[in-house]
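Subject: Model handover and notes

Hi,

Here is the structure I promised to send over. Please open it alongside this message, and my notes come after it.

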Amino acid sequence: MKQLLQNLKTGETQLVTSPLPSIKSNYVLIQSYNTVVSAGTERMLVDFGKSNYLQKMRKQPEKVKQVLDKVKTDGLQPTYNAVKTKLDQPIPLGYSNAGVVVAVGENVKKFKVGDRVISNGSHAEVVNVPENLCSKIPDNVTNEEAAFTVISSIGLQGIRLINPTLGETVVVIGLGLIGLLTVQLLQAHGCNVIASDFDQQKVNIAKSYGVDAVNTGTGIDLVDYVYLKTNGNGADAVLITASTKSSDPVSQAANMSRQRGRIVLVGVTGLNLNRSEFYEKELSFQVSCSYGPGRYDENYEDLGNDYPIGFVRWTEQRNFEAVLDMMSQKKINIESLITKKYKFKEAIKAYDALTEDKNTIGIILEYDVNKNITSTQSVILEKKVVASQEKIVLGVIGAGNYTNQTLLPAMNNQSLRKHTIVSSGGMTSVHVGKRHGFEIASTDINHVIQDKDINAMFITTRHDSHAELVKKGLEENKNVFVEKPLCLTLDELDEIKAVKTSCILMVGFNRRFSPHIIKMKELLATVSKPKSVIITVNAGEIPSNHWIQNLDIGGGRIIGEGCHFIDLARFITDSKIREFQAVKMHIPGEEELEDKVSIQLSFEDGSIATILYLANGDKSFSKERIEVFAGNKILVLDNFKVLEGYGWGNFTKFKTRSQDKGHANGISAFLNGIETGNHPIPLNEIYEVTETTIKIVNQLRE
C-alpha cells in the first residue's frame, strides 16, 4: 500500500510503499476513501522540516534544553547520533480520514467489516486506528464531507470548554480551516458570532455563513469593534484558532472580553500573558487539547476503555459523533472549504500547492477504492541475495528507537545477512529496513518466525510479547536475542525453560559487556574476599500512564529496566543470589509506582549488593553509578564513561571517549555465540536473574 510521510530532517514529503498494517486488539483496519489535508497543521510540519538546524532549534527551545541535558549525562557523540536518528525518522501526515472497515481486531464491538467510518487515520491507503477513535458515517453524509469530522472536532472541543449558552457573543480569532468550521458550530449552538482574520477570502467565506466577520488587515481595531457590537459589554467568550508566534491574539482576547469572560486557545500562539489584563476582569484562560477527553490516554485509545457517559459526556469519539450529526442535519457547509482535490497518487502535488498557495484552506485526497490492497503484509526493499554465504541470517521483530539507534548500528561490522524486519504499522520497518540494508519489511511476525532461512531472531517489542515470541522462536530452532526483560511472570519463565533446544538464547543485559565492567572484573579477579556493590540509578520520571508503567504490558520499571542492575550485580560478584529484600518509597497522596525502590541482595560467597533505583532525582546528575568495595580497595564507575580505582596500586583510572554501556560488545557476543555454540550469558544466570527480579516485584506488590 502507499503512505504519505514527512521527513523532519530534509523536509521532503514522500509517497512510499509500506506493508499493510497488522490488525491489533481494540483496533479497526480501514481502507481510505478520502482524507483532508489540514492547511494550518500540515503546512507547519512541512515548513518545520524544510528549516535548517538553527531554525529548528529556535522553533523548539524546550527540545534544545533536553538535548543539552543529554549531552551532560551521555556525552556529545551519543546525543548527536540520537538527535540525527530522531530527525531522520519520517512521520505520517494527516489525521482526518473517511473510509470503509476491512477488518476488526479482538474486542472490537462497535464496528464490523463494511461499515463506513471516520477516524484520525493518516494519509494512507489503509490505516489501523483504535476503535475509540472512529465513528460511523450517517447514510446522508458523503465521504468527502465526513473526512472533515476530526478536524471539526478540534474546534468543537474548544467550544465545549467555553460552554456557550444561547444568545452569547463568541469571538473567533483566526479563520483557517478549523476557524471556519468552528464559527459554523457556534452558530448551531445559537451564539452570536464575530470572527476575524487578515485574509479577505476567508472573511468572505465566513460572511457567507451569516457570520459578522472582519478583516483586521485593513486596520480595523477588533477590540473596539467587539465592544461596539456588544453594546459596550464585551465578548462573553473568545476562541483563538489562529497560528502565530505572537502573543497579541491572547492580549486582544483579554481586552475584548467582558468581566469574567472565558478565553480558550485552540490554535498556536505566544503565551506571554499580561497579568493585569486577566486579573482586573477575573478572566479564565484554557488551552484546548485536540479532539476531547480521551486524547493521549492509552487506556482509552489503545486499550478501548471508554469513559462512562454519566461522568464524561463528551469524549473524543462522542465529539466525532456530534459533528457527524451536524453534517447529517446540513448545519455545516463543507463544500465552501474545499479549495482543491487531488488523486492520492498525486499527493505530492497537493503538498506543493499547500506551501506555494497561502490561500489554500482545505485539500481533499481521493483514493482508488477499487484497488485490492488488503493482502500485502510485506514489501521487498532490496533484491534477495540467494547465493549469500553468510552463516547468520537475521530477522528482527520491532523497529523502534532501540532497534534503529542502538541494535542495528552495533552490527555494522558483522558478517551477516539482514533478511526481514517487522513492525506493526509497517512505516518504521520500511524506513529502518532501508536504512540498515534489510531485504524485506513486514508487519507479520510469522515472516520471521516461520522463514527457514532466518536463524537469528531479535525481539525488541513491548514487554508483554517477549515470552511468547521467545518460545516461538526457540521452537522453530532459531537463535533468539530478546531485549530485556525475558518475560513478566514466573509461569512464563517456566514455559520458556520447558522448551528443548540447542539454540542460543540471550537477554539484552548489555552492561556486563561494557569495557568498564570488563576492566572492573579483571581487577576484582585478584580479590578473593566478598564484595560490597552499590548501584545507584538516577532513572528519571516516566508518566504513570506510560506503557512501561502498565503492569500487564510493560511489567513496571523494575521488571522493565531494574533487571539490568540485578544482572550486573550478579555478574560483578560472580556468585549465585541467595537472598533478597526490597522496599519502595511511599509518598502520601501520590500513586505508588515501582520507580523509587531499594533492593538488597546477598550472594552465596558472602557478597552483598544494594541497588537504588530512583525516579525522583535531577537529570544533571549521572544516570548510573556503580561502586564496589572489596579487599580494602574501591572501584567507582561513573555513567559508563570513567572507572576510577582507589587502593589498587598500578590502577587509577580507565576512561572511554564516550559512554559505552556494552551494547555493541553484547550483540557481537551473541553473534559469535551462534557460530561457536557457546552461550554469551549462561542460561542458568539468565533464568536466575529473571526469577529473582519477578520475585522482588511480587514482594513489592504484596
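Below are the notes, grouped by region.

This is a predicted model, in which local features need pLDDT of at least 70 and side-chain atom pairs count only at pLDDT 80 or more, while totals for chains, interfaces and linings use all residues. Residues are numbered from 1 along each chain as its sequence is written, and side-chain values use heavy atoms, with hydrogens and water left out.

**Helix pairs**

A word on terms before the pairs. Helices (H or I, at least four residues) and strands (E, at least two) are DSSP runs, numbered from the N terminus. Axes are lines fitted to C-alpha atoms, for helices over the stretch in contact, with angles running from 0 to 180 degrees between N-to-C directions. Angles under 35 degrees count as roughly parallel, over 145 as roughly antiparallel, 65 to 115 as roughly perpendicular and the rest as oblique. A crossing is left-handed if the near helix is turned anticlockwise from the far one by less than a right angle, and right-handed if clockwise. Contact means heavy atoms within 4.5 Å.

Helix α23 (residues 683-701) takes part in two of the packings described here. With α19 (residues 490-497), the angle is about 165° and the axes are 10 Å apart. That makes α19 roughly antiparallel to α23, and the crossing is left-handed. On the α19 side the residues are Leu490, Leu493, Ile496 and Lys497; they meet α23 residues including Tyr687, Thr690 and Ile694.

The other partner is α21 (residues 557-573), which packs against α23 at about 125° with the axes 9 Å apart. This makes α21 oblique to α23, and α21 passes α23 in a right-handed crossing. From α21, Ile558, Ile559, Cys563, Ile566, Asp567 and Arg570 meet α23 residues, among them Glu688, Val689, Ile694 and Leu700.

Further towards the N terminus, the axes of α6 (residues 149-162) and α7 (residues 177-188) come within 8 Å and cross at roughly 55°. That makes α6 oblique to α7, again with a right-handed crossing. The α6 residues that meet α7 include Ile151, Ile154, Leu156 and Ile159, and those of α7 include Leu177, Leu181 and Leu185.

**Helix α22**

For α22 (residues 663-676) there is a length check: its 14 residues at 1.5 Å each should span 20 Å, and the end C-alpha atoms are indeed 20 Å apart. The expected span is 1.5 Å times one less than the number of residues. Its buried residues are Gly666, Ile667, Ser668, Ala669, Phe670, Leu671, Gly673 and Ile674, where buried means under 20% relative accessible area, exposed over 50% and partly exposed in between (1.4 Å probe, protein chains only). Among the elements covering them are α15 (401-407) and the strands β21 (456-459), β22 (479-482) and β23 (505-507). After α22 comes Gly677, with a positive phi near 85°.

**Backbone points to check**

Most residues other than glycine have a negative phi, and most peptide bonds are trans. Against that background, three places are worth listing.

- Lys484 and Pro485 are joined by a cis peptide bond, with omega about -5°; Pro485 sits in the loop between β22 and α19.
- Asn231 has a positive phi, near 55°. Its place is the loop between α9 (222-229) and β12 (235-240), and at 72% relative accessibility Asn231 counts as exposed.
- Arg260 also has a positive phi, near 60°. Arg260 belongs to strand β13 (residues 257-265) and is exposed at 55% relative accessibility.

**Two loop residues**

Which residues does Ser290 touch, leaving aside neighbours within four places in sequence? They are Ser153, Ile154, Gln157, Arg295 and Tyr296. Ser290 lies in the loop between β14 (284-287) and α12 (298-301) and counts as buried, at 17% relative accessibility. The side chains of Ser290 and Arg295 are joined by a polar contact of 3.4 Å. A polar contact is a pair of N or O atoms within 3.5 Å; within protein, one must be able to donate a hydrogen and the other to accept it, and residues adjacent in sequence count only if both atoms are side-chain atoms.

Lys24 is in the loop between β2 (13-17) and β3 (27-38), and is partly exposed at 35% relative accessible area. Not counting residues up to four places away in sequence, Lys24 touches Gly105, Glu106 and Asn128.

Best wishes
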